[in-house]
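Me: I'd like a close look at one part of this one, with the cut-offs spelled out as you go. Pick a piece and stay with it.

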Amino acid sequence: PWGYLSTGIQPSENTASIIAEEGYIYWVDPQHEDIPYTLKVNGRELVVLQYYAALNDYATFSAEGRTPRQMLQMRKDYFDYLYREGETNPGLMMWGNHPFISGRPHSMLALEEFIKHAEGHRGVWFARCIDIVRWWLENYKDQHLEVWPNCLRMVDPPYYSKAGFSA
């Protein structure tokens, strides 16, 4: 296994330890950093990639009720800000697309338009998660480190319901 994303982006306090022990090399649940970082977990390492739930089609269309055009504008605005900021600091933009949502013709037009928008900017890299992780490990592995347990244990995961939690 290479990477892990919890169903519904709802990890438990044990997720990092379990996936590190199982040999995963990256984790996508945390949403508190804009760039990757290396997370040391029980003598192992995970690269944490920022997955922004609000850009996810399921959360946006289903939960928030946005249209594909509204999502397109949101993604363009997010991209444009990161691109401008990227002149001095790197940026990462990733989200999930579900074929039963973004794979529909009316949604595909908006996704295609976003891709054309991003491709129109010099230096943009469309990469798989594993490629970003390999790049991070080759270039920055020890420059941005956190040790588990980190701040994630003090912050509820997105879409977390305390009503369904038992300690």
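Reply: Let's settle one term before anything else: two strands pair if DSSP finds at least two bridges between them. Strands themselves are DSSP E runs of at least two residues, helices are H or I runs of at least four, and both are numbered from the N terminus. You're looking at a predicted model, so local features need pLDDT of at least 70 and side-chain atom pairs count only at pLDDT 80 or more, while totals for chains, interfaces and linings use all residues. Numbering starts from 1 along each chain as its sequence is written, and side-chain values use heavy atoms, with hydrogens and water left out.

My pick is β3, which covers residues 37-41. To place it, the chain has five helices and five strands, and along the sequence they come in the pattern β-α-β-β-β-α-α-α-α-β. The five strands make an open sheet with mixed pairing, in the order β1-β2-β4-β3-β5. So who sits at the edges? Those are β1 (3-4) and β5 (145-147), each of which pairs on one side only. That leaves β3 with β4 on one flank and β5 on the other in the sheet order.

Take the β4 flank first. β4 spans residues 44-48, and five bridges tie it to β3, with the two strands running antiparallel. You can pin down the register from both ends of β3: Y37 has V48 as its bridge partner in β4, and V41 stands opposite R44. The two strands form a hairpin with two residues between them. One to check on your backbone plot is N42, which sits in that turn with a positive phi of about 50°.

Now hop over to the other flank. β3 and β5 pair in the parallel sense, over three bridges, and here K40 stands opposite V147 in β5. That's the mix in miniature: an antiparallel partner in β4 and a parallel one in β5.

How covered is the strand? Mostly: four of the five residues in β3 are buried, where buried means under 20% relative accessible area with a 1.4 Å probe, counting protein chains only. For the chain as a whole, 35% of its 167 residues count as buried.

One last number for context, on the whole chain again. Among contacts (heavy atoms within 4.5 Å) between residues at least 6 apart in sequence, 56% join residues at least 24 apart.

Terms used: Buried < 20%, exposed > 50% of the residue type's maximum accessible area, 1.4 Å probe, protein only.
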